[in-house]
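Good morning, and thank you for coming. I should like to take you through one model today, and I ask that you keep the display in view as I speak.

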Amino acid sequence: MLKINYLAVIAAAIAAFVVGALWYSPLLFGRTYMEVRGLSPSALAEMKTSCRGVGREFVKNIVVAFVLAHFIARLGVRDWKGALQFGLWVWVGFQAMLLMGAVLHERMPLTL
């Protein structure tokens, strides 16, 4: 049976939620994101997320954190070097390729 630290899964989901909120806020890259996407402040006001949307985002983060924890347990990652290597491969193999698909096929700017 796989040993998964469920407290770590919840902590990772919370961390992803907070980092995501900060990432797209005016404190970090929110203004640049809006500029690159060609959005106006009024368009941002229309995109305000409801409580239901926030809840769905958090559930999405829990699912992603749980799946990654499952892979980590299955692959036997035990130290920071293994975790770093795992994170790099997951990012290159999934996130970077999905974002590149948007750049290539949906004509999103590479700066996005």
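Let me begin with a term: a residue is called buried when its relative accessible area is under 20%, exposed when it is over 50%, and partly exposed in between. Phenylalanine 58 has a relative accessible area of 26%, so it is classed as partly exposed. I shall return to that residue shortly.

What you see is a predicted model. Across the protein chain the mean pLDDT is 88, and 94% of the residues reach at least 70. Where does confidence stand lowest, and where highest? The lowest mean, 69, is that of helix H3, residues 41-46, whereas helix H1, residues 6-23, has the highest, at 95. Where pLDDT is low, the predicted coordinates should not be read in detail.

Now the overall architecture. The protein chain has 5 helices and 0 strands, which gives the pattern α-α-α-α-α along the sequence. The radius of gyration is 17 Å, well over the 13 Å that the globule rule gives for 112 residues, so the chain is more spread out than a compact globule. Along the principal axes, the C-alpha atoms occupy a box of roughly 50 × 35 × 25 Å. Of the 112 residues, 13% are buried. The accessible surface amounts to about 9,200 Å², with 69% of that belonging to carbon and sulfur atoms. As for contacts with a separation of 6 or more, 59% of them join residues 24 or more positions apart.

I turn next to helix H4. This helix has 25 residues and spans 36 Å from its first C-alpha to its last, close to the 36 Å expected at 1.5 Å a residue. Glycine 76 follows H4, and its phi is positive, near 75°.

Which residues of H4 are buried? They are Asn61, Ala65, Ala69 and Ala73. The cover over these buried residues includes H1.

The three alanines just named bring us to the largest nonpolar core, where Ala65, Ala69 and Ala73 are joined by Ile4 and Val9, for 5 residues in all. Helix H4, residues 51-75, supplies the largest share of this core, 3 residues. If we set aside neighbours within four places in sequence, valine 9 is in contact with Ile4, Ile62, Ala65, Phe66 and Ala69.

Asparagine 61 also deserves a moment. This residue sits in helix H4, and its relative accessible area is 9%, which is under the 20% limit, so asparagine 61 counts as buried. With neighbours up to four places away again left aside, the contacts of asparagine 61 are Ala13, Ala16 and Phe17.

Here I come back to phenylalanine 58, which also belongs to helix H4. What does phenylalanine 58 touch, not counting residues up to four places away in sequence? Its partners are Ala13, Ile14 and Phe17. Ala13 and Phe17 are thus named for phenylalanine 58 and for asparagine 61. In another direction, valine 77 is 19 residues away from phenylalanine 58 in sequence and 25 Å away in space, C-alpha to C-alpha.

Two further positions will complete the tour. Phenylalanine 29 lies in the loop between H1 and helix H2, the latter covering 30-37. With a relative accessible area of 39%, phenylalanine 29 is partly exposed. Although 83 residues separate phenylalanine 29 from leucine 112 along the chain, their C-alpha atoms are 9.9 Å apart.

The other position is valine 92, in helix H5, residues 80-105. Is valine 92 buried or partly exposed? Its relative accessibility is 32%, so valine 92 counts as partly exposed. Arginine 37 stands 55 residues from valine 92 along the chain, with 23 Å between the two C-alpha atoms.

To close, I would leave you with two points. The predicted chain consists of 5 helices and 0 strands, and the largest share of its largest nonpolar core comes from helix H4. Thank you for your attention.

Definitions and conventions:
Residues are numbered from 1 along each chain as its sequence is written. This is a predicted model: local features need pLDDT of at least 70, side-chain atom pairs count only at pLDDT 80 or more; totals for chains, interfaces and linings use all residues. Side-chain values use heavy atoms; hydrogens and water are left out. A nonpolar core is a set of buried Ala, Val, Leu, Ile, Met, Phe, Trp, Tyr and Cys residues joined through side-chain atoms within 4.5 Å. Buried means under 20% relative accessible area, exposed over 50%, partly exposed in between (1.4 Å probe, protein chains only). Helices (H or I, at least four residues) and strands (E, at least two) are DSSP runs, numbered from the N terminus. Contact means heavy atoms within 4.5 Å. pLDDT is the predictor's confidence in each residue, from 0 to 100. The expected span of a helix is 1.5 Å times one less than its number of residues. The radius of gyration is taken over C-alpha atoms; the globule rule is 2.2 Å times the number of residues to the power 0.38. Accessible areas come from the Shrake-Rupley method with a 1.4 Å probe; for residues, only the protein chains shown count as cover.
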